[in-house]
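The following note is offered to a colleague who is meeting this structure for the first time. Its points are numbered so that each may be checked against the model in turn.

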Amino acid sequence: MRMVNLRASYNAKRLALALAVILVLGFLLVPGQLQSIFQQMGSPVGWALSWPLQAVAGIHDRIADLWGRFVALQGVEEENRQLRRELDLLKEQNGQLQEASAATERLASLLEFKKQALPTLVAAQVIGRDTGNWYKTIIINKGSSDGLQPDHGVITPAGVVGRIVKTTPSTAVVLLVTDPNNAIAGLIQRTRDEGIVEGTTQGLASLKYIPLLSSARSGDRVVTSGLVGGFPRGLPIGTITKIDKEEEALFQSAELSPEVDPNRVEEVLVIQSSAVSTEGAQIGAPKRKP
């Protein structure tokens, strides 16, 4: 008999526990509906039970709101990652388009200059550079099979770049105007005084053999004289930045800022002229350093 009472008590506890769990879940899951039911009962007990349900309903709504925001943030994060990938792709494409646009503008400028200048110009692209201790040169993608020869002048629409010193069938080496071994006949535009433009070890250029009585000054522009082959008269070489005049010297000299930055040039024009072969002989072709 005692065992029957214990079992009945055990079953009653399980039933009470199950009802408590259901009631708690009901409070948590459907607090709004239970609150409405208790309020509709209208009794004091119903109103008393509806107050805690009101608090639970508030917590339930806040949790639902936070969960909704969390889900929305997950979507926004994925959307941000996708937008960053698209932005990186657009930046890459924009860089390529800017590079292509710049190259097109440079080529258009070269073609326009070619129409206005000599008909014997050959367009070429720079495919290599050597600005080491021995020579300051660039390599272009046109050579003897394109009609290029040593001493042909190389220019851009901005001015003189240098002159060819060596060719292969498909390439040519251009000695830059800033190389100390280079020498180009120059003319001061304002005073009409002539001299020889040579490169310097600092990567600039200088105008030598200026007459002592010349009134050359800083800011004067120096162009090719055209007296010897390689370059026609009037192509910009550089601008005088400083005049050097030593006592008892026979000539003045001037430091020049070249019009063309050889380190940035990418496309050039080569002047094909029947007279170019004489320039190297008249003003001295570069000699190999020991």
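1. Of the 290 residues in the chain, 33% are buried. The model is a predicted one, and its chain exposes about 18000 Å², of which carbon and sulfur atoms supply 59%.

2. The secondary structure consists of 4 helices and 12 strands. When contacts between residues at least 6 apart in sequence are considered, 57% of them join residues at least 24 apart.

3. A barrel is present in the chain: 6 strands close in the order E6-E7-E8-E11-E10-E9, with antiparallel pairing. Within this sheet, neighbouring strands are turned by 40 degrees against each other on average, direction ignored. In general, the strands of a sheet pair through backbone hydrogen bonds, in either a parallel or an antiparallel manner.

4. One pairing deserves to be followed residue by residue. Strand E6 (residues 183–188) and strand E9 (residues 221–224) are antiparallel partners joined by 3 bridges. Across this pairing, glycine 186 is found opposite threonine 224 of E9.

5. Strand E3 (residues 153–156) has two partners. With strand E4 (residues 159–167) it runs antiparallel, and 4 bridges join the two; E3 and E4 form a hairpin, with 2 residues between them. With strand E12 (residues 267–271), E3 pairs over 3 bridges, again in the antiparallel sense. Glycine 153 illustrates both pairings: its bridge partner in E4 is arginine 163, and its bridge partner in E12 is isoleucine 271.

6. Are the two faces of E3 buried or exposed? Both are covered, since Gly153 and Ile155 on one side are buried, as are Val154 and Thr156 on the other.

7. The largest nonpolar core comprises 21 residues, and Ile155, Val197, Leu207 and Val222 have the most contacts inside it. At least two residues of this core come from each of E6, E8, strand E10 (236–244), strand E11 (251–258) and E12. The largest share, 3 residues, is supplied by E8. A second core, separate from this one, has 16 residues and includes Val161, Ile164, Leu176 and Val268. As a general matter, nonpolar side chains in soluble globular proteins tend to be buried together.

8. Valine 197 may be examined more closely as a member of the largest core. Apart from neighbours within four places in sequence, its contacts include Ala183, Ile184 and Gly186, together with Leu207, Val222, Ile237 and Leu256. Val177, Asn182, Ala205 and Ser206 are also in contact with valine 197.

9. Threonine 200 is situated in the loop between strand E7 (194–199) and strand E8 (205–211). Is this loop residue buried or exposed? Threonine 200 counts as buried because its relative accessibility is 15%, below the 20% limit for that class. When neighbours within four places in sequence are left aside, threonine 200 is in contact with Lys136, Thr178, Pro180, Ala205 and Ser206. Its C-alpha lies 8.7 Å from that of asparagine 181, a residue 19 positions away in sequence.

10. The structure holds 9 salt bridges. In one of them, the side chains of glutamate 77 and arginine 81 meet at 3.2 Å, N to O. These two residues are about one helical turn apart, because 4 residues separate them in sequence within helix H3 (residues 44–116). Glutamate 77 is partly exposed at 40% relative accessibility, and arginine 81 is likewise partly exposed, at 34%. Salt bridges also link Glu77, Glu78, Arg81 and Arg85 in a network.

11. Which parts of the chain does the salt bridge between arginine 190 and aspartate 220 link? The closest N and O atoms of this pair are 2.8 Å apart. The pair links distant parts of the chain, 30 residues apart: arginine 190 belongs to the loop between E6 and E7, and aspartate 220 to the loop between E8 and E9. Arginine 190 is partly exposed, with a relative accessible area of 38%, whereas aspartate 220 is buried, with a value of 5%.

12. A further salt bridge joins the side chains of aspartate 261 and arginine 264, at 3.2 Å from N to O. Aspartate 261 is partly exposed, its relative accessible area being 36%. Arginine 264, at 64%, is exposed.

Key. Residues are numbered from 1 along each chain as its sequence is written. This is a predicted model: local features need pLDDT of at least 70, side-chain atom pairs count only at pLDDT 80 or more; totals for chains, interfaces and linings use all residues. Side-chain values use heavy atoms; hydrogens and water are left out. Buried means under 20% relative accessible area, exposed over 50%, partly exposed in between (1.4 Å probe, protein chains only). Contact means heavy atoms within 4.5 Å. Accessible areas come from the Shrake-Rupley method with a 1.4 Å probe; for residues, only the protein chains shown count as cover. Two strands pair if DSSP finds at least two bridges between them. Axes are lines fitted to C-alpha atoms, for helices over the stretch in contact, and angles run from 0 to 180 degrees between N-to-C directions. A nonpolar core is a set of buried Ala, Val, Leu, Ile, Met, Phe, Trp, Tyr and Cys residues joined through side-chain atoms within 4.5 Å. A salt bridge is a side-chain nitrogen of Lys or Arg within 4 Å of a carboxyl oxygen of Asp or Glu.
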